[in-house]
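Let's take a walk through this model together. Keep the sequence and the 3D view open as you read.

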Amino acid sequence: MATHDGTPIASARGLVKTYGSGDTAVRALDGVDVDFGRGELTAIMGPSGSGKSTLMHCMAGLDRSDAGTVVVDGLEVSGMGERKLTRLRRDRLGFVFQAFNLVPTLTALENITLPLDIARRPVDRAHLDAVVQAVGLADRLGHKPTELSGGQQQRVACARALVSRPAVVFADEPTGNLDSTSSGEVLGFLRRSVDDLGQSVVMVTHDPTAASYAHRVLFLADGRLVGELTDPTPDSVLAALAALRPSAGTHAAPAPVPAASRGPR
Ligand SMILES: Nc1ncnc2c1ncn2[C@@H]1O[C@H](COP(=O)(O)OP(=O)(O)OP(=O)(O)O)[C@@H](O)[C@H]1O
């Protein structure tokens, strides 16, 4: 059901972001040009401090770049004022963070529909059912977050991000707090949301196995895009990351890695 019509769902051109000033200034993004595919799961990887979260936050209107343009779903995010940004995030974007950020007093179902309730938008029953089925929590919808495992809580958070049919879901280390079994469940769900529901997902991760669930992996180093892989495997991601280590030349692009068969699904 994914629509691969070739138009990116989100793009950045000439993105620059500097934190601080003078001697202590850090150039977190140093001229990034990037396209995120529509109906694709894209992973962003790179060493600690390479600018992954900054890139995601600038793309999602959570932070402002100093220069460059960001376009999401045909809208120029970089020129928006605060009110438009708030509306964009509420109406067009979904978010999943490392901490699940569920409301403890609400049930799983109430957490999932919360963004629609806040926006006073009607719940599309058929889509809600599809998301609940895909997330595999149909028998847990009446449970409160404390009655769910970490993996189940993150699947609720994923469903909450997807239920409003956002143009893009931005996921920042969505499996950072999970064991490998729960990680596999969450990643499998994110991937199915793309393959079966036509969602577009951008995910920051440190984990090569997590990245192998993506259609495409982008590599950042020192605030620059330095390489990419399509149809990654854990091994091909590890090899590309090894090529980014300082001993291999921090500024060099990773050696071309052949696209191999996909990672675990
Ligand atoms: N609010 C801030 N104030 C000052 N410096 C910041 C701020 N946010 C990020 N930085 C710096 O910008 C650079 C990029 O940070 P960013 O968090 O985007 O990297 P990252 O690749 O996501 O790192 P990690 O993998 O450790 O989460 C780092 O050097 C970081 O210290």
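In which hand does α4 pass α5 in their crossing? The crossing is right-handed. Please bear in mind that you are looking at a predicted model.

Let's stay with this pair of helices for a moment. Helix α4 covers residues 125–135, and its axis lies 10 Å from that of α5, with an angle of about 155° between the two. Angles over 145 degrees count as roughly antiparallel, and α4 and α5 are therefore roughly antiparallel to each other. On the α4 side, the contact is made by V131, V132 and V135, while α5 brings R155, C158, A159 and L162. Sorted by class, this contact has six nonpolar residues, no polar ones and one charged.

Helix α5 also packs with α6, so let's turn to that pair next. Here α5 spans residues 150–162 and α6 spans residues 180–195; their axes are 8 Å apart and make an angle of about 15°. Because angles under 35 degrees count as roughly parallel, α5 and α6 are roughly parallel to each other. Their crossing is right-handed. From α5, the residues that take part are G150, G151, Q154, R155, C158 and L162, and they meet S182, E185, V186, F189, L190 and S193 of α6. This contact of α5 with α6 is made up of five nonpolar, five polar and two charged residues.

A further partner of α5 is α3, the helix of residues 108–118; the two axes come within 7 Å and cross at roughly 30°. α3 and α5 are therefore roughly parallel to each other, and α3 passes α5 in a right-handed crossing. If you would like to find the contact on screen, look for A108, N111, I112, L114 and P115 in α3, which meet V156, A159 and R160 in α5. The classes here are six nonpolar, one polar and one charged.

Now for the sheets. One of them is open and has six strands in the order β6-β7-β8-β3-β9-β10, with mixed pairing. At its edges stand β6 (93–96) and β10 (224–230); each has a single partner strand, so one side of each is left without a neighbour in the sheet. On average, and ignoring direction, neighbouring strands of this sheet are turned by 20° against each other. You can begin tracing the sheet at β6, which pairs in the parallel sense with β7 (residues 168–172) over four bridges. Within that pairing, F95 has F170 of β7 as its bridge partner.

Which helices should you look for against these strands? One is α1, which lies across β3 (41–45), β7, β8 (201–204) and β9 (216–221) and runs at about 150° to β8. Another is α8, residues 234–242, which packs on the sheet and touches β3, β9 and β10. The direction of α8 makes about 155° with that of β10.

The other sheet to visit is an open one of four strands, ordered β2-β1-β4-β5, and its pairing is antiparallel. β2 and β5 (75–76) are at the edges with a single partner strand each, so one side of each is left without a neighbour in the sheet. Strand β1 (residues 8–19) runs antiparallel to β2, and nine bridges join them. Two bridge partners in β2 give you landmarks: L15 is matched with V32, and T18 with R27. In the hairpin of β1 and β2, six residues lie between the strands, and G20 takes a positive phi near 75°.

G20 leads us to the ligand, since G20 is one of the residues that surround it. The others are Y19, V26, A28, G46, S48, G49, S50, G51, K52, S53 and T54. Two elements, β2 (26–37) and α1 (52–59), each supply at least two residues of this shell. Which element gives the most to it? That is α1, with three residues. By class, the shell has three nonpolar residues, eight polar and one charged. So α1 is a good place to end the tour: this helix lies across strands of the six-stranded sheet and also contributes to the surroundings of the ligand.

Technical notes
Residues are numbered from 1 along each chain as its sequence is written. This is a predicted model: local features need pLDDT of at least 70, side-chain atom pairs count only at pLDDT 80 or more; totals for chains, interfaces and linings use all residues. A residue is near a molecule or strand if its C-beta atom, placed from the backbone, lies within 6 Å of it. Ala, Val, Leu, Ile, Met, Phe, Trp, Tyr, Cys and Pro count as nonpolar, Asp, Glu, Lys and Arg as charged, and the others, Gly among them, as polar. Two strands pair if DSSP finds at least two bridges between them. Axes are lines fitted to C-alpha atoms, for helices over the stretch in contact, and angles run from 0 to 180 degrees between N-to-C directions. Angles under 35 degrees count as roughly parallel, over 145 as roughly antiparallel, 65 to 115 as roughly perpendicular and the rest as oblique. A crossing is left-handed if the near helix is turned anticlockwise from the far one by less than a right angle, and right-handed if clockwise. Two residues are in contact if their C-beta atoms, placed from the backbone, lie within 7 Å.
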